There are 2 protein chains.
Amino acid sequence: MTDQPNNAHDEAFKELLSLRGSIDNLDACLVHLLAERFKLTQRVGHLKATNDLPPADKDRERRQAERLRALAKDSELDPEFAEKFLNFVIAEVIRHHEQISASQS
Amino acid sequence: MTDQPNNAHDEAFKELLSLRGSIDNLDACLVHLLAERFKLTQRVGHLKATNDLPPADKDRERRQAERLRALAKDSELDPEFAEKFLNFVIAEVIRHHEQISASQS
């Protein structure tokens, strides 16, 4: 038994474990950023519900999608995926806002 | 005409714009982190494809989901959403890995 890698397969497995460690670190960042983002959108939901502001803003969503596509291109992320991600998050935000409206009606 | 907010509705709109600015900043962070995450998983895909390592690891995915649910709970994010988010990202990773395998076969 030895701790030394004895072939290319072991080296690859060592690198795989190192990459997974970095992926886990990025995932922790992503979860914490999403948590903060939803705190902000919860506040937006309350503001809109109590101040007679329109619940959806298609123009704002279009601008967000364009901006994220541009940021994605700059950072070598697939712009299609960036827009899919935004839509995925917005769907959850809308679910929250509906809950806020329902609890106030 | 005045720049002063003249009622609660104007104050609410001002706060809405400020919250949107913060949401946009977080979205830029999210896109850049996702870009880095996909760079790492692309490397994982190449490593697996060239070193005869199994393409999927259900045990690893289960541990990732459990960990992200715990991190979500700690940061006041819905753990269900955190797991849905992980699955959303993993689906894209699998799509990339299939492309890598196809390009090498």
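**Two copies, one shared surface**

In this predicted model, chain A comes out with a mean pLDDT of 91, and 93% of its residues reach 70 or more. Broken down by element, helix 2 (residues 58-74) of chain A has the highest mean pLDDT, at 97, while helix 3 (residues 79-104) of chain A has the lowest, at 91. For the model as a whole, the scores are ipTM 0.90 and pTM 0.90.

Next comes the way the two chains sit together. Two copies of a chain are related by a rotation about an axis and a shift along it. Here, a turn of 180° with a shift of 0.0 Å along the axis lays chain B on chain A, and the RMSD of that fit is 0.0 Å. The two copies are thus related as by a two-fold rotation axis. Within chain B, the residue that comes closest to this rotation axis is B:Leu30, whose C-alpha is 3.2 Å away.

The interface itself brings 41 residues of chain B into contact with 41 residues of chain A. On the chain B side, helix 1, helix 2 (58-74) and helix 3 are the elements that each give two or more residues. Helix 1 of chain B supplies the largest share of that side, with 27 residues. Sorted by character, the chain B residues that touch chain A come to 27 nonpolar, six polar and eight charged. What about the matching side? Of the interface residues of chain B, 100% are also interface residues in chain A, so the copies meet through the same surface.

Helix 1 also has a partner inside its own chain. In chain B, helix 1 (residues 8-50) packs against helix 3 (residues 79-104) at an angle of about 40°, and the two axes lie 9 Å apart. With angles under 35 degrees counting as roughly parallel and 65 to 115 as roughly perpendicular, helix 1 and helix 3 of chain B are therefore oblique to each other. The crossing of helix 1 of chain B past helix 3 of chain B is right-handed. On the helix 1 side of chain B, the contact is made by B:Thr41, B:Gln42, B:Gly45, B:His46 and B:Ala49. Helix 3 of chain B answers with B:Val93, B:His96, B:His97, B:Ile100, B:Ser101 and B:Gln104. Taken together, the residues of this helix 1 to helix 3 contact in chain B split into three nonpolar and eight polar, with no charged ones.

Key: Residues are numbered from 1 along each chain as its sequence is written. Chains are lettered from A and ligands numbered from 1 in the order in which they are written. This is a predicted model: local features need pLDDT of at least 70, side-chain atom pairs count only at pLDDT 80 or more; totals for chains, interfaces and linings use all residues. Axes are lines fitted to C-alpha atoms, for helices over the stretch in contact, and angles run from 0 to 180 degrees between N-to-C directions. Helices (H or I, at least four residues) and strands (E, at least two) are DSSP runs, numbered from the N terminus. Angles under 35 degrees count as roughly parallel, over 145 as roughly antiparallel, 65 to 115 as roughly perpendicular and the rest as oblique. A crossing is left-handed if the near helix is turned anticlockwise from the far one by less than a right angle, and right-handed if clockwise. Two residues are in contact if their C-beta atoms, placed from the backbone, lie within 7 Å. Ala, Val, Leu, Ile, Met, Phe, Trp, Tyr, Cys and Pro count as nonpolar, Asp, Glu, Lys and Arg as charged, and the others, Gly among them, as polar. Copies are superposed by least squares on the C-alpha atoms of residues with pLDDT of at least 70 in both. pLDDT is the predictor's confidence in each residue, from 0 to 100.
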